[in-house]
Amino acid sequence: MTSQGAQPDSVRDVVEFVALLRQLKERSGLTLRGLEESAAAQGEVLARSTVADMLRKDSLPRPELLAAYVKACGVAQPEPWLRARERLATGVVAEVSAPPPARPPWRRPSVVLTAVVVVALVATALVLQWGGATSPDAAVTGGTTRPGSDPLTLPPGGSQVRIHAAGAPDLCLTEGRDSTGAYPTEVAALRPCPSRGPRVFLHPVDDEFATIKWEHPVDLAIGCLTVLPSGPAIHLLEPRNVCSDDNLDQLFRVERVDGDRYRFRSAVGSACIGLRGGTASEGAEAIREPCAAEPDQEFTVDLVPAGG
């Protein structure tokens with residue numbers, strides 16, 4: 001039941017979706033005329049008056065209008081936006097969940113999400129990601145950092161690695177616990193290296209992003225480090241035994257800061273992996289936070305030879 005004056009969830013989702021479209025225009029820096037010209041350069045027709053009407057109304061745009069608009073804003077792949085629109089239009093709310101195995105090697109997701117929410121989150125992440133990648137250099141502006149142009153080169157099949165805190169090279173990013181006690185299962189944290197724990201691998205997804213994989217020390221099962229988007233351990237990283245190349249919470253751009261120091265930039269927005277509390281100390285948890293030119297967001301990465 002909806003309280004008096006409150007919007008039904010379906011209406012609220014549409015309103016939020018259109019708000020994201022407005023944000024996309026703002027981040028593109030284009031006027032209505034600029035969007036029209038951008039679309040024309042791609043062989044699309046996108047009238048200024050049509051765009052103005054679309055952004056003014058809290059209703060779903062036609063699929064062809066949506067595709068032309070997001071491409072004019074600079075989004076190369078409009079499919080996630082179209083899938084989000086389709087689910088909102090049809091009211092698809094299929095639950096995405098899986099029963100845990102009898103002995104899970106890593107913790108399975110326990111939160112049940114609707115397909116609408118999942119795709120809306122992908123769309124949100126694309127807005128943020130596109131907005132943060134305005135320059136190919138690693139300039140620092142207003143305390144935030146832009147994507148660097150020198151990513152870590154990995155073998156096509158990936159490599160076992162050791163990830164050290166740049167400010168404390170004797171500490172490695174490995175299996176730890178939430179220091180607050182609010183979250184009971186494994187999270188990524190600093191511990192003395194070498195320490196008994198999972199073997200760590202960086203696996204390239206494409207020319208830009210990679211996943212961080214852990215091999216369970218007992219079951220030898222593989223889990224991907226995943227940023228927790230909500231809950232008591234929000235923004236911490238835990239291993240999930242479902243790895244996906246299109247899960248933005250599992251994708252990181254390992255880019256050079258200076259010399260042998262690297263930053264792990266999340267595929268979601270202008271966010272990077274840092275350390276809770278801002279200091280490289282034993283037990284400090286890895287956490288996703290706004291990118292900044294801070295020492296706690298800098299790591300060194302040792303590629304371990306096969307069998308090492």
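## A tour from Phe 264 outwards

Start by selecting Phe 264: its relative accessibility is 3%, so this residue counts as buried, the cut-off being under 20%. The model on screen is a predicted one.

**Stop 1: the aromatic pair.** Two aromatic pairs are present in the structure. For one of them, add Phe 299 to the selection and look at the two rings: the centres are 5.7 Å apart and the planes stand at 85°, so the pair is edge-to-face. An angle over 60 degrees is what that label requires. Now show the backbone on both sides. Phe 264 belongs to strand S13 (residues 261-266) and Phe 299 to strand S16 (residues 299-304), so the contact between the rings ties together parts 35 residues apart in sequence. Phe 299 has 0% relative accessibility and therefore counts as buried as well.

**Stop 2: the whole chain.** Zoom out and colour by secondary structure: the protein chain has six helices and 16 strands. Of its 308 residues, 43% are buried. Among contacts with a separation of 6 or more, 56% are between residues 24 or more positions apart. Switch to a surface view: about 15300 Å² is exposed, with carbon and sulfur atoms supplying 54% of that area.

**Stop 3: Arg 199 and Glu 215.** The whole structure contains 18 salt bridges. Select Arg 199 and Glu 215, which form one of them, with 2.9 Å between the closest N and O atoms. This bridge links distant parts of the chain, 16 residues apart: Arg 199 is in strand S8 (residues 199-204) and Glu 215 in strand S9 (residues 210-215). How do the two partners stand in terms of accessibility? Arg 199 is partly exposed, at 34% relative accessible area, whereas Glu 215, at 15%, counts as buried.

**Stop 4: Arg 288 and Asp 249.** Next, select Arg 288 and Asp 249, whose side chains form a salt bridge at 2.8 Å, N to O. Arg 288 sits in strand S15 (residues 286-290), while Asp 249 is in the loop between strand S11 (237-240) and strand S12 (252-258), 39 residues apart. Both Arg 288 and Asp 249 are buried.

**Stop 5: a network.** Finish with Arg 263 and Glu 255, a salt bridge whose closest N and O atoms are 3.4 Å apart. Arg 263 has 5% relative accessibility and so counts as buried; Glu 255 is buried too, at 0%. Which residues join these two in one network? Extend the selection to Glu 208, Arg 253 and Arg 265: salt bridges with shared partners connect them with Glu 255 and Arg 263.

Methods:
Residues are numbered from 1 along each chain as its sequence is written. This is a predicted model: local features need pLDDT of at least 70, side-chain atom pairs count only at pLDDT 80 or more; totals for chains, interfaces and linings use all residues. Side-chain values use heavy atoms; hydrogens and water are left out. Rings of Phe, Tyr and Trp (its six-membered ring) pair if their centres lie within 6.5 Å; planes under 30 degrees apart count as stacked, over 60 as edge-to-face and the rest as tilted. Helices (H or I, at least four residues) and strands (E, at least two) are DSSP runs, numbered from the N terminus. Buried means under 20% relative accessible area, exposed over 50%, partly exposed in between (1.4 Å probe, protein chains only). Contact means heavy atoms within 4.5 Å. Accessible areas come from the Shrake-Rupley method with a 1.4 Å probe; for residues, only the protein chains shown count as cover. A salt bridge is a side-chain nitrogen of Lys or Arg within 4 Å of a carboxyl oxygen of Asp or Glu.
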